[in-house]
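Q: I'd love a close look at one part of this model, the place where the first ligand sits. Could you walk me through it, and then use the second ligand as a companion case?

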Amino acid sequence: MRVTHSGRTVEVQNGETVLDALLRSGENIPYSCKAGSCQSCRMRVVSGSVPEAAQVGLKETLRAQGYFLACSCRPDGDIEIESDIQVQSVVGVVRARDRVGEDVLRIRLEIDDELDYAAGQFVSLVRSDGLARAYSLASIPGDPSLELHVRRMPGGRMSGWIHESLGVGDAVSLRGPFGSCFYVPGRPDQRLILAGVGTGLAPLLGIARDALARGHEGPVDLFHGALVSGRLYGVDVLRNLERCHRPFRYHACALNESQGDPETLRVGAISDIVLSSVKETLATSRVFLCGDPGFVNDLRKRLFLAGASMQEIHADPFTPTGSTTDAN
Amino acid sequence: MSTLYETLGGEPAMQAAVELFYRKILTDERVSRFFEDVDMEGQMAKQKAFLTMVFGGPSEYSGKDMTEGHSHLLDQGLNDSHVDAVIENLGATLSELGVDAASSKSALSIAEGARDDVLGRRGS
Ligand SMILES: Cc1cc2nc3c(=O)[nH]c(=O)nc-3n(C[C@H](O)[C@H](O)[C@H](O)COP(=O)(O)OP(=O)(O)OC[C@H]3O[C@@H](n4cnc5c(N)ncnc54)[C@H](O)[C@@H]3O)c2cc1C
Ligand code: HEM
Ligand code: FES
């Protein structure tokens, strides 16, 4: 058996793990427990396949992307692996730009090549001067174009440029896809809980449409939160989804609103609303959280403490790019 | 004799066990600050390595590894009282899992046996 890693091929002896073979050949691979529990040695298979035992304990979204633990992998055939995820590069041409909210643009991009992504993943949008920012995909793979939702940040370099200067017909470079916040089919009766604030709606919309398109039958509850109801967007699309798909429910949440029509608007902090609505079914639900990192990290912890399994919480915090690391 | 790790059902059982344990640790204000990590999944995987070790599962940690792995926590004030708290939470986890007294005792004593390494008292 042979394993190829970053261009080098190493012979794996009988019963030897991929980690030991790579270390023996002098490669510098991170590891700690060497027993399949700490996940320090996580790698990804790009060709060939790894035994099931090498993926035990990994979340299903990671397994779906070919991740495995090198210290638990005794391959039964030749494999090619990588430490870092391989990215594709495509060029996207803006086909539509629509203001869908107070400060949110919906951009539709037609790409020159296929992008092999899962709904809910994100791409890095790269401007010609090299400035790069992550934006989530709101589209699903069958759609004719990629859809992004971009909120204008005060003083934001990329979002300001997108809002002011990126026009229909313009081209941008995209790299990706990245991220592990997506739907994996297999348990169609499970309850799905999707919660996001701001443009956290973008990946959630993709995930919900993807799950429904794949025949998910259990309840799909999408919670979208904003400070005031006027800052919610995509309401028509979501209400329409609700009309077309029985299991889907849209919960609009606003923090500061004197009175909501209880039929269409829930007033309060979205995290509290989510927790109080789903508590009983939490232990068996699958959860997707997207948007502001403070919101995502806080709700992830609260849901976990309330009984959700960490294996079932998929989170995508929109961490702002550190202003020091990309100063140029 | 089979290990507690095997009796409980091996790796798959560790996932449920670590969730129980990590919920306790995160809500125990004596020690939670050491475990609050934005990378909750990564932190939980480390705690799974801890449980796998004290349950007698496959583990290759040496005493030196334990000292190195916790040295950054010593800088944050880690001391005996925190080890006591972690061992207490381990005990509560074991009883919630319905582990018999003899197996519990062995797991707790493995943890206890690592105390000096964790606190960096074994020298090098
Ligand atoms: C995985 C991921 C997915 C993302 N998906 C989306 C998406 O679908 N839609 C979307 O609009 N954005 C998304 N973002 C955020 C996006 O990548 C940019 O961070 C955002 O557009 C701001 O970039 P900028 O160049 O305009 O601002 P910068 O020039 O980088 O920042 C301008 C100023 O705003 C501050 N700032 C930036 N972001 C925030 C914030 N969130 N909260 C508070 N202050 C901030 C900065 O510190 C700085 O002072 C995502 C981020 C990640 C990591
Ligand atoms: C009682 C004996 C203990 C044992 C046997 C033990 C064992 C372990 C093991 C095996 C790991 C994984 C190491 C790795 O793979 O990197 C670990 C990590 C960790 N332990 Fe302990 N531990 C003990 C006590 C404690 C105590 C008392 C605390 C704090 C109150 C603590 C906090 C941590 C933290 C925060 C990590 C993760 C470190 C990181 O992020 O790299 N441990 N421990
Ligand atoms: S080294 Fe810990 S899981 Fe592989």
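How many residues surround ligand 1, and which are the closest?

A: Happy to take you through it. Please keep in mind that this is a predicted model. Around ligand 1 there are 21 residues, and the closest are Ala134(A), Tyr135(A), His149(A), Met158(A) and Ser159(A). The space that ligand 1 takes up is the largest pocket.

Let's start with the polar contacts. His149(A), one of the closest residues, offers a polar backbone atom at 2.7 Å from a nitrogen atom of ligand 1. The side chain of Arg133(A) has an N or O atom 2.8 Å from an oxygen atom of the ligand. Thr199(A) also takes part through its side chain, with a polar atom 3.3 Å from a nitrogen atom of ligand 1. On its own, ligand 1 has 940 Å² of accessible area, and the protein covers 78% of that.

Next, the elements that build the shell. In chain A, strand S9 (132-136), strand S10 (146-151), helix H3 (157-165) and strand S17 (313-317) each give at least two residues to the shell around ligand 1. S9(A) makes the largest contribution, with 4 residues. In terms of domains, domain 2 (88-178) and domain 3 (192-317) of chain A each provide at least three residues of this shell. Sorted by class, the shell around ligand 1 holds 10 nonpolar, 7 polar and 4 charged residues.

Now for the companion case. Ligand 2 is surrounded by 21 residues, of which Ser32(A), Phe34(B), Phe50(B), Tyr61(B) and His70(B) come nearest. The residues around ligand 2 come from chains A and B, so this site is shared between chains.

The polar contacts of ligand 2 bring in both of those chains. From chain A, the side chain of Ser32(A) places an N or O atom 2.6 Å from an oxygen atom of ligand 2. From chain B, Tyr61(B) has a polar side-chain atom 2.3 Å from an oxygen atom of the ligand, while a polar side-chain atom of His70(B) lies 2.9 Å from a nitrogen atom of ligand 2.

As for the elements here, helix H3 (32-35), helix H4 (40-54), helix H5 (63-74) and helix H6 (80-96) of chain B each supply at least two residues of the shell around ligand 2. H4(B) gives the largest share, 5 residues. By class, this shell divides into 14 nonpolar, 6 polar and 1 charged.

Finally, two backbone details in chain A may interest you. Most residues other than glycine have a negative phi, and most peptide bonds are trans. The peptide bond from Gly176(A) to Pro177(A) is cis, with omega near -5°, and Pro177(A) belongs to strand S11 (residues 171-178) of chain A. Lys34(A), although not a glycine, has a positive phi of about 55°. Lys34(A) sits in the loop between helix H1 (18-24) and strand S3 (42-47) of chain A.

Definitions and conventions:
Residues are numbered from 1 along each chain as its sequence is written. Chains are lettered from A and ligands numbered from 1 in the order in which they are written. This is a predicted model: local features need pLDDT of at least 70, side-chain atom pairs count only at pLDDT 80 or more; totals for chains, interfaces and linings use all residues. Side-chain values use heavy atoms; hydrogens and water are left out. A residue is near a molecule or strand if one of its heavy atoms lies within 4 Å of it. A polar contact is a pair of N or O atoms within 3.5 Å; within protein, one must be able to donate a hydrogen and the other to accept it, and residues adjacent in sequence count only if both atoms are side-chain atoms. Accessible areas come from the Shrake-Rupley method with a 1.4 Å probe; for residues, only the protein chains shown count as cover. On a 1 Å grid over the protein atoms alone, a cavity is a set of points where a 1.4 Å probe fits but cannot get out, and a pocket is an open set with protein on both sides within 12 Å along at least five of seven lines; lining residues have an atom within 4 Å of a point. A molecule sits in a cavity or pocket if more than half of its atoms lie within 2 Å of its grid points. Ala, Val, Leu, Ile, Met, Phe, Trp, Tyr, Cys and Pro count as nonpolar, Asp, Glu, Lys and Arg as charged, and the others, Gly among them, as polar. Domain bounds come from an automatic or database domain assignment.
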